[in-house]
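Good morning, and thank you for joining. Please look at the sequence and the structure on the screen, and I shall then go through selected features.

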Amino acid sequence: MTPKKVLALCREKDVKAIDMRFMDFPGLWQHFTIPASALDESVFEDGLGFDGSSIRGWKAINESDMLVVPQPETASLDPFTELPTLAMICNIQDPITREDYSRDPRNVARKAANYLKTTGVGDTCHIGAEAEFFIFDDVRFDSQPNLGFYYIDSIEGQWNRGRIENPNLGYKLRYKEGYFPVPPADQLMNLRNEMMQTMIDCGLDVECQHHEVGTAGQTEIDLKFSNLLHAADNMMLYKYIVKNVAARHNKTVTFMPKPLFGDNGSGMHTHISIWKGEDPLFAGSGYAGLSDMAMYAIGGLLRHAPSICAFANPTTNSYKRLVPVFEAPVNLAYSQRNRSASVRIPMYSASPKAKRLEYRCPDPSCNPYLAFSAILMAALDGIQNKIDPGEPLDKDIYDLTPEELTNVPTTPGSLEEALAALRQDHEFLLRGDVFTPDVIDTWIWYKTENEVDALRLRPHPHEFCMYYDI
């Protein structure tokens, strides 16, 4: 879509407001709104000013002026506003130099996609992300100097089998059995259908929706793969739609990886392939139908997985999911079909166009622009340096003996460990100026000060269960 077409769409749909959206550093959409009469073609060129010092992890107050530059190809009608509103995703620029801002996550993704082309390896990186999330009926939490708690509830939760509901119909999903009984046990089908249809109405290409393994409303809605930048854009629109459809029904959605103890966490299995024109470069005659290039890409993913985790599993809560022996793929190995490996080669189709790698470590708390870029850069490093991934691990990793497991490396055990890995291993991210030293340093500082240290300083509610009577 061009600026002229955006303006024509505004006239056709009688749009009254234009919502400008952009991504902050940690990974939340931000926005402000202008009247439709204030949008003309010059705005697409000149941008609009805002205070960058108020955005997490961005400019200092003495250099706060920044520009949002709307991207016409991202225009879509907002299905949730009372006033007819058109939303556009924006790039961020310096108002003096007009340079793209290095800490704008969308700029990092654009540079990653462009860097791929300069390498000669391929011209397009396709990403397909399978985000999981929980739909709850009620959530309360607080953290004060003298208290800390959370309380979650869901009509589907197994813990409500004995609750007086006038009447309680008894359809409560047992722990780890949410994948995937039909209604009435699945009580969220109509809501998921509404989420799916709203996505379609907004231009997203949806493949399927279903209940996930966890009790209490764990859900997955899958989008068709797209190029890296559009896949990240689509994931932000996806989150926006899911949260707002839920809110419309007085429910709440979280993309926290591990909101419930004792049941499955939410992952975001990320499928990646590299193409040149119409050629799928990961298809070949080797193991699981892979090319040498794909095998080297696996080598890069496995070698750099600890530092990728700093972006793909970027919260302290992420490591409540990435725990050995439980359901998450913490073992850094690859295999066809085997879902206990961190890199899986899906075998659903024999078509070369379907050949891809599924990197299973990421979770949906990530900033998709940064996570997808880090995954691509690791794969490219493997290809460029012909990193051997070793032998596949085609048996169930969870059945391996302790002696066998000692030879299988694992993901970091905490966000602090992942940030330490990133501090030691980030040269591959700096190539092509995709991630800059400033981005790496700011990410490590922000996450350490605002998340790692913030949690480390506070007593945990469960510590009172364990230690209060000492």
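Is glutamate 165 buried, partly exposed or exposed? Glutamate 165 is partly exposed, because its relative accessible area is 22%, where buried means under 20% relative accessible area, exposed over 50%, and partly exposed in between, for a 1.4 Å probe and protein chains only.

Before going further, I should state the basis of the talk. This is a predicted model, in which local features need pLDDT of at least 70 and side-chain atom pairs count only at pLDDT 80 or more, while totals for chains, interfaces and linings use all residues. Residues are numbered from 1 along each chain as its sequence is written, and side-chain values use heavy atoms, with hydrogens and water left out.

I begin with the charged pairs. A salt bridge here is a side-chain nitrogen of Lys or Arg within 4 Å of a carboxyl oxygen of Asp or Glu. By that criterion the structure holds 25 salt bridges. Glutamate 165 takes part in one of them, with lysine 172, at 3.0 Å from N to O. Lysine 172 has a relative accessible area of 9% and is therefore buried. Shared partners join these two residues with Asp153 and Arg163 into one salt-bridge network.

Arginine 192 and aspartate 186 also meet in a salt bridge, at 2.6 Å from N to O. Arginine 192 is buried, at 3% relative accessible area, and aspartate 186 is buried as well, at 5%. Where does aspartate 186 lie? Aspartate 186 is in the loop between strand S9 (147-153) and helix H4 (189-201); helices (H or I, at least four residues) and strands (E, at least two) are DSSP runs, numbered from the N terminus. Beyond residues up to four places away in sequence, aspartate 186 touches Glu156, Pro181, Arg192 and His211, with contact meaning heavy atoms within 4.5 Å.

A further salt bridge joins lysine 111 to aspartate 433, the closest N and O atoms being 3.9 Å apart. This pair links distant parts of the chain, 322 residues apart: lysine 111 belongs to helix H3 (residues 105-119), and aspartate 433 to the loop between helix H11 (427-430) and helix H12 (437-456). Lysine 111 is buried, with a relative accessible area of 16%, whereas aspartate 433, at 45%, is partly exposed.

I turn now to strand S1. Why is strand S1 (residues 17-23) described as largely enclosed by the rest of the structure? The reason is that seven of its seven residues are buried. In a regular strand the side chains alternate between the two faces of the sheet. In S1, Ala17, Asp19, Arg21 and Met23 point one way, and Ile18, Met20 and Phe22 the other way.

Two strands pair if DSSP finds at least two bridges between them. S1 pairs with strand S6 (residues 85-93) in the parallel sense over five bridges, and isoleucine 18 has leucine 86 as its bridge partner there. With strand S2 (residues 29-35), S1 runs antiparallel and shares seven bridges; proline 35 is the bridge partner of alanine 17. Five residues lie between the strands of the S1 and S2 hairpin, where glycine 27 takes a positive phi near 135 degrees.

Isoleucine 18 also leads to the interior. A nonpolar core is a set of buried Ala, Val, Leu, Ile, Met, Phe, Trp, Tyr and Cys residues joined through side-chain atoms within 4.5 Å. The largest such core has 120 residues, and those touching the most other members are Ile18, Leu39, Met195, Tyr238, Leu357 and Phe435. A second, separate core of six residues includes Ala341, Leu393, Ile397 and Val408.

I close with the aromatic residues. Rings of Phe, Tyr and Trp (its six-membered ring) pair if their centres lie within 6.5 Å; planes under 30 degrees apart count as stacked, over 60 as edge-to-face and the rest as tilted. The whole structure contains 17 aromatic pairs. Phenylalanine 50 and tryptophan 58 form a tilted pair, 6.3 Å centre to centre with 55 degrees between the planes. Phenylalanine 50 is buried at 13% relative accessible area, and tryptophan 58 is buried at 6%. These two residues belong to one aromatic cluster with Phe22 and Tyr101.
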